[in-house]
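User: Please take a close look at the salt bridges in this structure. Where do the paired residues sit, and are they buried or exposed?

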Amino acid sequence: MNNTKRNLLISFGMWLVFEGIAITLWITKDNIFYLLNFSYIGTSITLGLILFQFDYRHARRIVQLLVGMYMLVYLGLICQENMQIEGFWYYLFTGVFEAATIHYAIAKIFGPLLFGRGWCGYACWTAMVLDFLPYKTPQTERKKIGFVRYITFAIAFIFVAVLFLSHTRNLERIMFIAFIVGNILYYAIGIILAFLWKDNRAFCKYICPVTIFLKPMSYFSVFRVKCDKEKCISCGNCKRVCPMEVDVTDNSRKRENGTECILCMECVKACPKKVL
């Protein structure tokens, strides 16, 4: 079986995974929204994977727009669901397995065991915008300030905890406002850092609180970029084009910045020997 057929089967397998989730949640929650929601997301991702196999250069960007805009505009602004980390804590504190808690469980807690940080590369509505900025590959050395993500993670948790402990009214309305304000701050900080450090993904590397969930699980990811080291000529193209500065020539799970890989496949496209 050639690589194209194998990869197409993998794409179809990914679609089946999302359809399985969609049908399971539809039946267990008795809500057709989940069938439509996860079918749409799974189909969008599968479309991008198929387009990638046919060397369409904007395949990933199409998925980002299809999924990111759906979650930001429809789920967030129209349905008024806070799909950010504040929404996750909100639903977790209320003991309701709905909306953000389901989203986080699938995309950011257990999902990375299968597809790593694919969320960051194909579905995040913050990165969807940041990836259109001019610094697609880092122009400066990586900063040692990853600890900041733990601060933003703690701030989100404390913010929601204080609201619950103080018995604040109209929590759902506050969560919607927090979603809007949070997105404005994320975009502003992300764009400023991108231009300041000449790195579109600076926000993802240092600030984003969601990576607290994503990084540990992605270490065990089933789908990973691997290198045929016998055929590799050590040209360094893969490292130069990687937005997250991952050493994909090292197949060990302890490779440099391994849990940062967003499966964008820029390294695969840049490899002159097609060994990735």
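Analyst: What follows goes through the salt bridges one pair at a time and then turns to a nonpolar patch on the surface.

The model is a predicted one. Side chains of opposite charge can pair when their charged atoms come close. A search of the whole structure finds ten salt bridges.

Start with K205 and E245. Their closest N and O atoms are 2.8 Å apart. This pair links distant parts of the chain, with the two positions 40 residues apart in numbering. K205 belongs to helix α11, which covers residues 202-206. E245 is in the loop that runs between α13 (237-241) and α14 (266-270). Both K205 and E245 are buried, and buried here means under 20% relative accessible area.

The next pair is K239 with E256, where the closest N and O atoms are 3.4 Å apart. K239 lies in helix α13 and E256 in the loop between α13 and α14, so this salt bridge ties together parts that are 17 residues apart in sequence. K239 has a relative accessible area of 33% and is therefore partly exposed. E256 is also partly exposed, at 44% relative accessibility.

A third pair is found within one helix. E266 forms a salt bridge with K269, and the closest N and O atoms are 3.1 Å apart. Both residues are in helix α14, and because they are three residues apart there, about one helical turn separates them. E266 counts as partly exposed, with a relative accessible area of 26%. K269 is partly exposed as well, at 38% relative accessibility.

Some salt bridges share partners, and these join R117, R142, D199, K205, K215, E245 and E260 into one network. The buried pair K205 and E245 is part of that network.

The surface also has a part of another kind. A nonpolar patch of about 780 Å² is made by L65, M69, V73, Y74, L77, I78, F132, I180 and I184. The elements giving two or more residues to this patch are α3 (59-78) and α10 (171-197). Helix α3 provides the largest share, six residues. I184 is placed in helix α10. I184 has a relative accessibility of 53%, so I184 counts as exposed, the cut-off for exposed being over 50%.

Notes
Residues numbered from 1 in each chain as written. Predicted model: local features only at pLDDT ≥ 70, side-chain atom pairs only at ≥ 80, totals over all residues. Heavy atoms only, no water. Patch = residues over 30% accessible without salt bridge, like charges linked within 9 Å, V, L, I, M, F, W, Y side chains within 5 Å. Areas by Shrake-Rupley, 256 points an atom, 1.4 Å probe, with all protein chains shown as cover. Salt bridge = Lys/Arg side-chain N within 4 Å of Asp/Glu carboxyl O. Helix = DSSP H or I, 4+ residues; strand = E, 2+ residues; numbered from the N terminus. Buried < 20%, exposed > 50% of the residue type's maximum accessible area, 1.4 Å probe, protein only.
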